Amino acid sequence: MERSLETQVAQAVEAWLRWVPRWEPATHRGRFAPCRRCFGSPILSAAGIASNTPHGVQHGLSTRIKAIVDAAVAEYTAKNLPMLQSELDQQATRNRSRSYRPSENLDPEFDGLPLDPDPVPGAPFLFTIAGLADDAAEELPPLPPLSDEAKAALRQEVALADEYANLVGREICGFLLRHRLQIQAAISQHVEPQIEAMLAELTESLDSPFGPETL
């Protein structure tokens with residue numbers, strides 16, 4: 001498993017390095033809520049990505065790494081945790097029955113992000129993508145209930161899956177340490193100049209609040 005994980009991490013970093021030159025600062029209003037996937041992530045810390053790095057740059061790597069962890073946990077679950085696997089299979093079948101699945105098959109840079117922008121006070125949405133997805137989910141029948149004994153056993157298997165995910169995550173952090181210089185160099189080359197240009201433009205606009213046509 002260790003060599004396989006190491007290869008997967010290297011490939012994820014390579015894919016992220018190919019994407020970073022295409023990154024551009026967002027021109028829309030930012031969100032106020034921190035990303036649960038990226039905020040305080042030990043993965044990003046191991047990769048050498050600072051907390052003040054633009055979130056889109058962070059998210060592109062953290063999502064690629066999360067896919068590796070998820071795949072490893074899925075393999076472990078299929079082999080060792082039959083009750084949890086059964087529940088996951090039922091949920092997957094249920095999800096495939098939904099008529100609207102907007103969060104599936106997204107590029108890593110967008111996977112896991114909120115489907116809708118933050119609302120503007122006084123300007124409510126006529127509808128939201130997340131709301132439409134929830135409506136589609138409500139149309140499906142609920143999963144069959146579990147007995148108390150089954151619930152207890154399922155909680156134990158979930159705890160084992162979480163423990164394994166933490167183990168895989170720690171291994172991956174060790175592999176990411178070997179890529180820190182590449183990752184930081186890419187941020188210095190492709191991200192920081194764009195941020196500096198934005199700050200320079202903002203400073204210029206603050207120093208000169210009136211355009212030449214008003215002078």
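**Helix H6**

I started with helix H6, which runs over residues 148-176 in this predicted model. I wanted to know whether its length fits its residue count. At 1.5 Å a residue, its 29 residues should span 42 Å, and the C-alpha atoms at its ends are 42 Å apart, so the two agree.

Next I looked up which residues of H6 are buried. The list includes Ala150, Leu154, Glu157, Ala161 and Tyr164. Further on I found Val168, Gly169, Ile172, Cys173, Phe175 and Leu176 buried as well. I made a note of Glu157, since a Glu sits among the buried residues here.

I also checked Ala165, which has its place in H6. Its relative accessible area is 22%, so I put it down as partly exposed; buried would need under 20%. From the C-alpha atom of Ala165 to that of Leu177, twelve residues apart along the chain, I noted 19 Å.

**Salt bridges**

How many salt bridges are there? I got a count of six. I wrote up three of them, below.

Glu6 pairs with Arg178, and their closest N and O atoms are 2.3 Å apart. Glu6 is in helix H1 (residues 2-19), while Arg178 is in the loop between H6 and helix H7 (180-207), so this pair ties together parts 172 residues apart in sequence. I looked at how open each partner is: Glu6 is partly exposed at 31% relative accessible area, and Arg178 is exposed at 55%.

Then I went to Lys66 and Asp70, another salt bridge, with 2.6 Å between the closest N and O atoms. Both are in helix H3 (residues 55-80), and because they are four residues apart there, about one helical turn separates them. Lys66 is partly exposed, with a relative accessible area of 34%. Asp70 is partly exposed too, at 38%.

My third pair was Glu104 and Arg101, whose side chains meet at 3.0 Å, N to O. Glu104 comes out as partly exposed at 33% relative accessibility, and Arg101 is partly exposed at 31%.

**The loop between H4 and H5**

I stayed in this part of the chain for Asn105, which is in the loop between H4 and H5. What is unusual about its phi, given that Asn105 is not a glycine? I found that phi is positive, about 60°. Asn105 is also exposed, with a relative accessible area of 79%.

Leu115 is in the loop between helix H4 (82-96) and H5 as well. I have Leu115 down as partly exposed, at 30% relative accessible area.

**Surface patches**

Leu115 took me to a nonpolar patch on the surface. Which residues form it with Leu115? I listed Tyr100, Leu126, Phe127, Ile129 and Leu132. Together the residues of this patch have about 590 Å² of accessible area.

Last, I looked for charge on the surface and found a negative patch made by Asp134, Asp135, Glu138 and Glu139. I picked out Asp134, which lies in helix H5 (residues 129-138). Is Asp134 buried or exposed? It falls in between: at 47% relative accessibility I count Asp134 as partly exposed, as exposed would need over 50%.

Methods: Residues numbered from 1 in each chain as written. Predicted model: local features only at pLDDT ≥ 70, side-chain atom pairs only at ≥ 80, totals over all residues. Heavy atoms only, no water. Patch = residues over 30% accessible without salt bridge, like charges linked within 9 Å, V, L, I, M, F, W, Y side chains within 5 Å. Areas by Shrake-Rupley, 256 points an atom, 1.4 Å probe, with all protein chains shown as cover. Salt bridge = Lys/Arg side-chain N within 4 Å of Asp/Glu carboxyl O. Lys, Arg positive; Asp, Glu negative; His and termini not counted. Charge placed at Lys NZ, Arg CZ, Asp CG, Glu CD. Helix = DSSP H or I, 4+ residues; strand = E, 2+ residues; numbered from the N terminus. Buried < 20%, exposed > 50% of the residue type's maximum accessible area, 1.4 Å probe, protein only. Expected span 1.5 Å × (residues − 1).
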